[in-house]
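User: I should like to learn how to read the features of a protein model. May we take them one at a time?

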Amino acid sequence: MLSYRHSFHAGNHADVLKHTVQSLIIESLKEKDKPFLYLDTHAGAGRYKLSSEHAERTGEYLEGIGRIWQHDDLPAELEPYISAVKHFNQTGQLRYYPGSPLIARQLLREQDSLQLTELHPSDFPLLRSEFQKDARARVERADGYTQLKSKLPPVSRRGLILIDPPYEIKTDYQAVVTGISEGYKRFATGTYALWYPVVMRQQIKRMLRELEETGIRRILQIELAVLPDSDRRGMTASGMIVINPPWKLEQQMANVLPWLHKTLVPSGNGSTTLSWVVPE
Ligand code: SAM
């Protein structure tokens, strides 16, 4: 079942949180000259036209990136992410939203590499054409979870692994834990960043319990809720689980989360979370 299309949701509050965390991790990895691998298991189409029928139908980006990208008092922590967004919108109008692979492409250096997988028959060719001329990138139509076994550890022994499934099938909540555990067995020093939606809080609690049971340590949870938990509505919050976060990430998110919450949710609904699921 591949009915999920990210084009309906690109640039929403969940993407803002995800891509803020992604860009901060990439910037930290760049502090050493040594190359690293960026592995994106569920890469999507890469570029999203915000005037498309999909994006306009939901208008989600207007309450996400639309609320922050031209702010005067942008916190320094958002600079790498917003500079990538601006690269694709040089006319000053917000027309395109770069997904995680294009944000990585903007921020990575010559010596780094990208490994991207996407399964959708319509999104995969779009993604492949974005990277046709980029010698650093390998784009495959493959199941992202298999990459956690076959592509790890990277030759460089440094890397960020972004795991961003659509959760359209319930088994994704277990598959991400199994996938991370397989990846971690091969590459325990990598940074793993897992995105999750909060639709039913119990599912997330179970996923976190299962993650704890793997024995993996240094697991940081970062969450931004736009509404309180509810059984009735759709997604009320989203979060990132980061394994082996760069040492600065906790402080950076402590600085930026209140600003993001205030700016993305002017009504003041919802909340933010920054806590260790499993410490050192
Ligand atoms: N990471 C992207 C970003 O931030 O711009 C968004 C990805 S979107 C949330 C999830 C993507 O995973 C969809 O494009 C979907 O087609 C794809 N997908 C679903 N199951 C997959 C699988 N098993 N392996 C690889 N991709 C998959």
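User: Which polar side-chain atom lies 2.6 Å from an oxygen atom of the ligand?

Analyst: Please note that this is a predicted model. For a polar contact, one looks for a pair of N or O atoms within 3.5 Å. Here the side-chain atom belongs to Glu118, and it lies 2.6 Å from a ligand oxygen. Backbone atoms take part as well: a backbone N or O atom of His42 is 2.9 Å from a nitrogen atom of the ligand, and a polar backbone atom of Leu119 is 3.5 Å from a ligand nitrogen.

User: How much of the ligand's accessible area does the protein cover?

Analyst: On its own the ligand has 600 Å² of accessible area, and the protein covers 95% of it. There are 20 residues around the ligand; those that come nearest are His19, Ser100, Glu118, Gly144 and Asp164.

User: In what order do the strands of the sheet run?

Analyst: One reads a sheet by following which strands pair. In this model 8 strands form an open sheet with mixed pairing, in the order S5-S4-S1-S6-S7-S9-S8-S10. Strand S5 (137–140) and strand S10 (271–278) are the edges, each pairing on one side only. On average, neighbouring strands are turned by 15 degrees against each other, direction ignored.

User: In which sense do S8 and S10 pair?

Analyst: Strand S8, residues 219–225, pairs with S10 in the antiparallel sense over 7 bridges. As an example, Glu223 has Thr273 in S10 as its bridge partner. Helix H1 (residues 13–29) packs on this sheet, and the strands it touches include S8 and strand S9 (237–243). The direction of H1 makes about 20 degrees with that of S9.

User: How does one describe two packed helices?

Analyst: Two quantities serve for this: the angle between the axes and the distance between them. Helix H4 (residues 79–87) and helix H5 (residues 100–107) pack at about 100 degrees, with axes 9 Å apart. Angles from 65 to 115 degrees count as roughly perpendicular, so H4 is roughly perpendicular to H5. In the contact, Pro80, Tyr81, Ala84 and His87 of H4 meet Ile103, Gln106 and Leu107 of H5.

User: Where is the cis peptide bond?

Analyst: The backbone angle omega is the one to inspect, and it is about 0 degrees at the cis bond joining Leu152 and Pro153. Pro153 sits in the loop between helix H7 (144–150) and S6.

User: Which residue has a positive phi although it is not a glycine?

Analyst: That residue is Tyr167, with a phi of about 55 degrees. Tyr167 is in the loop between S6 and helix H8 (172–186).

Technical notes:
Residues are numbered from 1 along each chain as its sequence is written. This is a predicted model: local features need pLDDT of at least 70, side-chain atom pairs count only at pLDDT 80 or more; totals for chains, interfaces and linings use all residues. Side-chain values use heavy atoms; hydrogens and water are left out. Two strands pair if DSSP finds at least two bridges between them. Helices (H or I, at least four residues) and strands (E, at least two) are DSSP runs, numbered from the N terminus. Axes are lines fitted to C-alpha atoms, for helices over the stretch in contact, and angles run from 0 to 180 degrees between N-to-C directions. Contact means heavy atoms within 4.5 Å. A residue is near a molecule or strand if one of its heavy atoms lies within 4 Å of it. A polar contact is a pair of N or O atoms within 3.5 Å; within protein, one must be able to donate a hydrogen and the other to accept it, and residues adjacent in sequence count only if both atoms are side-chain atoms. Accessible areas come from the Shrake-Rupley method with a 1.4 Å probe; for residues, only the protein chains shown count as cover. Angles under 35 degrees count as roughly parallel, over 145 as roughly antiparallel, 65 to 115 as roughly perpendicular and the rest as oblique.
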